[in-house]
Amino acid sequence: YDKNESSGTFTSGGSMAVFTAVDVAIKKVKREFESRGKTINEPLVILTNPFAHYSLHKAIDALGGPNRMIETVFVETKNFKVDPIDLHNKVDEYLGQNRIIAGIYAVAGETETGVVDPLHAISEIAQEHGIYTIADGAFGAPYKISKKSELFDGLDKFSAIIIDGHKTLYTPYSNGAVLFKDKHDHVLLNLGVKAPYVGFEEREEELL
């Protein structure tokens, strides 16, 4: 990421990092609709690999609320990796039904297999339609600076990257992080938070 345009935040662990990234994706959609005076009347869609970590499902359950306003849609896989053709077809299908795709959630190092989704192909499909992308690199993202870095081509095109420090980075305590390609996305976590111990600021530029 461009260090002048990006940002990030530490979290207590990988699950909270996932929650944070998905929260930002949802807030971006809601903000866009509110700016146009529209309301969201049906569940938002998150497209993902069926081998995504279970923490994604916990986050969607919590953020979707009792009315289940977020729907997980699994993309077909080949050798445990997201099939870009099926992803493209599902994007077209749901957008054709006027459904709102809040994000595409890719896996950059599966927990079970270590396999990395085709990140470059996924990012191209997302950019074509202006869809927010999250790369779950809890296990794999640090390998971007290894001899296997080519497996992670396209990682820098994702809107957010999840890292879990006490996995591949071997820190001896629980911690996680979310990196945001656009620092304005990070600001969405703080807008409207009025807790006195963190301060309060309505203006986005002041938060930045």
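Buried here means under 20% relative accessible area, and exposed means over 50%. With that in hand, we can walk through this model, which is a predicted one.

**Overall picture**

The chain has 6 helices and 9 strands. Its radius of gyration is 17 Å, close to the 17 Å that the globule rule gives for 208 residues, so the chain is as compact as a globular protein of that length. Measuring tape aside, the C-alpha trace spans about 45 × 45 × 35 Å along its principal axes. Of the 208 residues, 45% are buried. The accessible surface comes to about 11,100 Å², and carbon and sulfur atoms own 52% of that. If you take contacts between residues at least 6 apart in sequence, 71% of them join residues at least 24 apart.

**Two helices, each with a buried side**

Start with H2, residues 54–64, whose buried residues are Ser55, Leu56, Ala59, Ile60 and Gly64. They cover an arc of only 155 degrees around the axis, which puts them on the same side of H2. What do they pack against? The partners are helix H1 (14–35) and the strands S2 (44–48), S3 (70–74) and S6 (101–107). On the face turned away from the buried side you'll find Tyr54 and Ala62, both exposed.

H4, residues 119–129, can be read in a similar way: Leu119, Ile122, Ser123, Ile125 and Ala126 are its buried residues. Their arc around the axis is only 160 degrees, which puts them on the same side of H4. The cover over these buried residues includes S5, helix H3 (84–96), S6 and strand S7 (133–136). The face of H4 turned away from its buried side carries Gln127 and Glu128, which are exposed.

**Positive phi values**

Most residues other than glycine have a negative phi. Here are four residues in this model with a positive one, two of them glycines.

| Residue | Phi |
|---|---|
| Glycine 65 | about 70 degrees |
| Arginine 68 | near 50 degrees |
| Phenylalanine 80 | near 75 degrees |
| Glycine 130 | near 65 degrees |

As for where they sit, glycine 65 comes just after H2, and glycine 130 follows H4. Arginine 68 is in the loop between H2 and S3. Phenylalanine 80 belongs to the loop between strand S4 (77–78) and strand S5 (81–82). With 40% relative accessibility, phenylalanine 80 counts as partly exposed.

**Asparagine 49, a buried polar residue in a loop**

Phenylalanine 80 also leads us to asparagine 49: a polar atom of the asparagine 49 side chain lies 3.0 Å from the backbone oxygen of phenylalanine 80. Asparagine 49 itself is in the loop between S2 and H2. Is asparagine 49 buried or exposed? Its relative accessible area is 0%, so asparagine 49 is buried. The side chains of asparagine 49 and glutamate 110 are joined by a polar contact of 3.3 Å. Leaving aside neighbours within four places in sequence, the residues in contact with asparagine 49 include Phe74, Thr77, Lys81, Val82, Tyr105, Val107 and Asp117.

**The nonpolar cores**

Which residues touch the most other members of the largest nonpolar core? Among its 28 residues, those are Tyr105 and Ile134. At least two residues of this core come from each of H1, S2, H2, S6, strand S8 (160–163) and strand S9 (176–180). H1 gives the largest share, 9 residues.

Not counting residues up to four places away in sequence, isoleucine 134 touches Ala21, Val22, Ala25, Ile104, Tyr105, Ala106, Phe158, Ala160 and Ile162. There is also a second, separate core, with 25 residues, and Val82, Leu119, Ile122 and Ala141 are among them. Two of those names should ring a bell, as Leu119 and Ile122 are also on the list of buried residues of H4.

**Histidine 186**

Last stop: helix H5 (residues 183–187), where histidine 186 is found. With a relative accessible area of 16%, histidine 186 falls under the 20% cut-off and is therefore buried. Its side chain reaches the backbone oxygen of glycine 8 at 3.5 Å. Beyond residues up to four places away in sequence, histidine 186 touches Ser7, Gly8, Thr9 and Phe180.

Technical notes:
Residues are numbered from 1 along each chain as its sequence is written. This is a predicted model: local features need pLDDT of at least 70, side-chain atom pairs count only at pLDDT 80 or more; totals for chains, interfaces and linings use all residues. Side-chain values use heavy atoms; hydrogens and water are left out. Buried means under 20% relative accessible area, exposed over 50%, partly exposed in between (1.4 Å probe, protein chains only). The arc is that of the directions from the helix axis to the C-beta atoms. Contact means heavy atoms within 4.5 Å. A nonpolar core is a set of buried Ala, Val, Leu, Ile, Met, Phe, Trp, Tyr and Cys residues joined through side-chain atoms within 4.5 Å. The radius of gyration is taken over C-alpha atoms; the globule rule is 2.2 Å times the number of residues to the power 0.38. Accessible areas come from the Shrake-Rupley method with a 1.4 Å probe; for residues, only the protein chains shown count as cover. A polar contact is a pair of N or O atoms within 3.5 Å; within protein, one must be able to donate a hydrogen and the other to accept it, and residues adjacent in sequence count only if both atoms are side-chain atoms.
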